[in-house]
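Me: I should like to learn how to read the features of a structure such as this one. Please take me through them in turn.

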Amino acid sequence: MLPASTGLRFGELAGLEWSRVDLEKGVISVARQFTHGAWSELKTADSRRRIPLARELVRQRRLHRLRTPGELVFPGDTDAEGKAHPIDYHNWRARVWAPLLKAANITGTFHMLRHFTALIQSGCNAKVAQTLAGHHSASFTLDQYADAVPEQLEEAGEKVAAVLLTARAG
């Protein structure tokens, strides 16, 4: 639920620490990532962002926190000293993601969760989608992730006509 609702990249999730999750305010502060087996800076300044969490996600994170000792929100394997390391993408993909997709009888990559079609369909502003995605421009977000939805295309003509007819009547 968290990546699908927030648009966080896998590396941002793997590197997410509890100190960056404010459950009182319901906000995640994205500050760094864990990719290709190492900690790294985020891709751009726009990638550093604060992401609001829906109440249900806050509730889920509170329960998850009770079950997750240590600093990492999504810990991977632990070493001999008991210290948790970030999730390894390839291991997670093989053990969790692939079986999940198979059970759901769908195909796709983890990155498909960043497609903001649902966010755009909900009527959310393109600038909000851009900020959540951590992109440099709303046009980039729309070009990359906001797929044209047939229902919206069909509704567009009716909506434009309603605006024009209302303006003409006034």
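Me: Which residue follows α4, and what is the sign of its phi?

Reply: This is a predicted model. The residue that follows α4 is N105, and its phi is positive, near 60°.

Me: Where does α4 bend, and by about how many degrees?

Reply: The bend is at W97 and amounts to about 30°. A proline, P99, follows within four residues of that point.

Me: Which residues of α4 are buried, and what covers them?

Reply: The general idea concerns the repeat of the helix. An α-helix has 3.6 residues a turn, so residues three or four places apart point the same way. In this structure, W92, W97 and L101 are the buried residues of α4. Their cover includes α2.

Me: How many residues has the largest nonpolar core, and which of them have the most contacts inside it?

Reply: In soluble globular proteins, nonpolar side chains tend to be buried together. Here the largest nonpolar core has 24 residues, and L2, V21 and I28 are those with the most contacts inside it. At least two residues of this core come from each of α2 (10-14), β2 (27-30), α3 (55-67) and α4 (89-104).

Me: What does V21 contact beyond its neighbours within four places in sequence?

Reply: V21 is in contact with L16, V27, I28 and V73. One of these, I28, is also named with V21 among the core residues with the most contacts.

Me: Is R49 buried or exposed?

Reply: R49, in strand β5 (residues 49-52), is buried, because its relative accessible area is 6% and the cut-off is under 20%.

Me: Which polar partners does the side chain of R49 have?

Reply: The side chain of E12 makes a polar contact with the side chain of R49 at 2.9 Å. In addition, a polar atom of the R49 side chain lies 2.6 Å from the backbone oxygen of S47. Residues that R49 touches, leaving out those up to four places away in sequence, include G7, L8, R9, E12, I28, S29, V30 and R114. The list also includes T131, L132, A133 and G134.

Me: S29 appears among those contacts. Is S29 buried or exposed?

Reply: S29 lies in strand β2 and counts as buried, at 17% relative accessibility. A polar contact of 3.4 Å joins its side chain to that of R50. Beyond residues up to four places away in sequence, S29 touches R20, R49 and R50.

Me: How does one read G76, and what is its relative accessibility?

Reply: G76 is found in strand β6 (residues 75-78). At 27% relative accessibility, G76 counts as partly exposed. The C-alpha atoms of G76 and D88 are separated by 6.7 Å, although the two residues are 12 apart along the chain. G76 touches H85, P86 and I87, not counting residues up to four places away in sequence.

Me: How many helices and strands has the protein chain, and what percentage of its residues count as buried?

Reply: The protein chain has 8 helices and 7 strands. Of its 170 residues, 35% count as buried. The chain exposes about 10900 Å², of which carbon and sulfur atoms supply 57%.

Me: Which elements have the lowest and the highest mean pLDDT?

Reply: Helix α5 (residues 117-121) has the lowest, at 64, and strand β1 (residues 21-22) the highest, at 97. For the protein chain, the mean pLDDT is 85, and 87% of the residues reach 70 or more.

Terms used. Residues numbered from 1 in each chain as written. Predicted model: local features only at pLDDT ≥ 70, side-chain atom pairs only at ≥ 80, totals over all residues. Heavy atoms only, no water. Buried < 20%, exposed > 50% of the residue type's maximum accessible area, 1.4 Å probe, protein only. Polar contact = N/O pair within 3.5 Å; in protein donor to acceptor, adjacent residues only side chain to side chain. Contact = heavy atoms within 4.5 Å. Core = buried A, V, L, I, M, F, W, Y, C linked by side-chain atoms within 4.5 Å. Bend = angle between axes of the 7 residues up to and from the residue. Areas by Shrake-Rupley, 256 points an atom, 1.4 Å probe, with all protein chains shown as cover. pLDDT = per-residue confidence, 0-100.
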